[in-house]
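This report covers a central sheet, the helices beside it and one pocket. The sequence and structure come next.

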Amino acid sequence: MTGAESGEQAHVLFGYDGTAENDTALRWAIEEARLRGLDLVMCHCWHWPYPEGHEDPRGETVMRRAGWNLLERGRRRARELGATGAVRGRLVRGPARDALLRESGGAELMVVGAPERLAEGAGVLELAAGADRPVVVVKDGMGPRRVVAGADGSTWCDPALGFAAAEAALRRWELRVVYACWEPAAVDADELALFHDRELLEKTRAAELEAAVAPWRERYPTLDIRVSLLLERPLEALFDAADDAGLLVLGDRGGGIAALGSTSTAVLRHARRAVAIVPARPD
């Protein structure tokens with residue numbers, strides 16, 4: 001039964017694999033749960049290695065027992081790393097990507113660890129693409145006390161800006177919103193003329209950026225929000241911004257399909273620290 005079906009309260013869902021390298025992401029998940037006042041649910045996914053239809057009740061029992069033992073060690077490790085709220089274990093069967101997506105129904109967000117450099121076709125990319133709630137992918141340790149969010153002037157980025165503002169407010173970090181607007185291949189035909197008048201382009205995009213940020217300035221009046229309008233290509237600008245962020249927040253730009261936008265995918269692979277992928281919602 002998933003969290004949504006069981007009606008359980010919102011929580012932070014953490015993908016736990018039991019490795020020492022997972023500790024960096026576990027620390028992030030612990031802090032998310034503490035700041036948000038939520039339970040931490042540590043989910044370990046075990047995969048039946050035999051072909052479908054193969055039955056081995058004794059072998060399955062052994063694997064399940066090993067999984068629960070791993071989760072119990074994980075709960076103890078969470079306490080050692082500073083968890084003070086409720087920490088629960090959840091053992092699920094299946095490939096990690098599919099299992100985590102199934103179990104994410106009651107989660108406010110998911111946190112997963114990843115290698116510093118993501119390989120082509122990594123399961124983490126597929127998880128971020130398929131999720132209907134924010135996924136924080138944690139690689140290296142803590143960076144600057146700054147949340148950086150990518151904006152593009154469309155309503156697609158509103159959920160990402162809202163998540164970034166909330167994270168910055170919770171952590172008492174600065175929020176920097178980056179709008180790199182030199183992307184003529186991605187605009188409608190009636191906007192192409194802007195790229196022949198750099199002054200008009202900058203004025204138009206600056207107004208769009210301020211309009212996007214205005215609701216979050218109002219909601220978080222004490223939050224230090226800085227905006228950067230850059231006449232650069234988004235990919236290069238976000239690569240630079242990622243190195244200056246403790247958390248980089250991007251929209252999925254998936255358009256309702258299980259695929260990340262090319263910019264989000266490339267930045268997620270490149271970034272050295274934590275990246276949050278926030279799905280766009282029709283509402």
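Gly-251 has Val-278 in β10 as its bridge partner. In this predicted model, β9 and β10 run parallel and are joined by five bridges. The two strands are neighbours in an open sheet of ten strands, whose order is β3-β2-β1-β4-β5-β10-β9-β6-β7-β8 and whose pairing is mixed. At the edges stand β3 (87-93) and β8 (225-230), each of which pairs on one side only. From one strand to the next, the twist averages 20°.

Three parallel pairs of the sheet are listed below.

| Strand pair | Sense | Bridges | One facing pair |
|---|---|---|---|
| β1 and β2 | parallel | five | Gly-15 and Cys-43 |
| β6 and β7 | parallel | six | Ala-151 and Tyr-179 |
| β9 and β10 | parallel | five | Gly-251 and Val-278 |

**Enclosed strands**

Strand β1 (residues 11-15) is largely enclosed by the rest of the structure, because five of its five residues are buried. In a regular strand, side chains alternate between the two faces of the sheet. In β1 both faces are covered, with His-11, Leu-13 and Gly-15 buried on one side and Val-12 and Phe-14 buried on the other.

Strand β7 is likewise largely enclosed by the rest of the structure, since seven of its seven residues are buried. One side carries Glu-174, Arg-176, Val-178 and Ala-180, the other Leu-175, Val-177 and Tyr-179, and all of these are buried. The charged residues Glu-174 and Arg-176 are thus listed among the buried residues of β7.

Arg-172 lies in the loop between α6 and β7. Is Arg-172 buried or exposed? Its relative accessible area is 75%, and because exposed means over 50%, Arg-172 counts as exposed. The phi angle of Arg-172 is positive, about 60°, although the residue is not a glycine.

**Helices against the sheet**

Helix α6 (residues 158-171) lies across β4 (107-113), β5, β6 (146-151), β7 (174-180), β9 and β10. The angle between α6 and β6 is about 170°. Helix α7 (residues 198-219) lies across β6, β7 and β8, and runs at about 160° to β8. Strands β6 and β7 are thus crossed by α6 and also by α7.

Which residues of helix α9 (residues 262-270) are buried? They are Ser-264, Thr-265, Val-267 and Leu-268. An α-helix has 3.6 residues a turn, so residues three or four places apart point the same way. The buried residues of α9 pack against two helices, α5 (123-130) and α8 (234-242), and against the strands β5 (135-138), β9 (247-251) and β10 (274-278).

**The second largest pocket**

The volume of the second largest pocket is about 290 Å³. Its lining consists of 15 residues, and Gly-15, Asp-17, Ala-96, Leu-100 and Val-112 lie nearest the centre. Two or more lining residues come from each of β2 (39-46), α4 (96-103), β4 and α5. By class, eight of the lining residues are nonpolar, five are polar and two are charged.

Gly-15 links this pocket to the sheet: the residue is among those nearest the pocket centre, is buried in β1, and stands opposite Cys-43 in β2. Helix α5 also appears in two settings, as a contributor to the pocket lining and as a packing partner of the buried residues of α9.

Note on methods. Residues are numbered from 1 along each chain as its sequence is written. This is a predicted model: local features need pLDDT of at least 70, side-chain atom pairs count only at pLDDT 80 or more; totals for chains, interfaces and linings use all residues. Side-chain values use heavy atoms; hydrogens and water are left out. Buried means under 20% relative accessible area, exposed over 50%, partly exposed in between (1.4 Å probe, protein chains only). Helices (H or I, at least four residues) and strands (E, at least two) are DSSP runs, numbered from the N terminus. Contact means heavy atoms within 4.5 Å. Two strands pair if DSSP finds at least two bridges between them. Axes are lines fitted to C-alpha atoms, for helices over the stretch in contact, and angles run from 0 to 180 degrees between N-to-C directions. On a 1 Å grid over the protein atoms alone, a cavity is a set of points where a 1.4 Å probe fits but cannot get out, and a pocket is an open set with protein on both sides within 12 Å along at least five of seven lines; lining residues have an atom within 4 Å of a point. Grid points are joined across faces, edges and corners, and a volume is the space filled by probe spheres set on the points.
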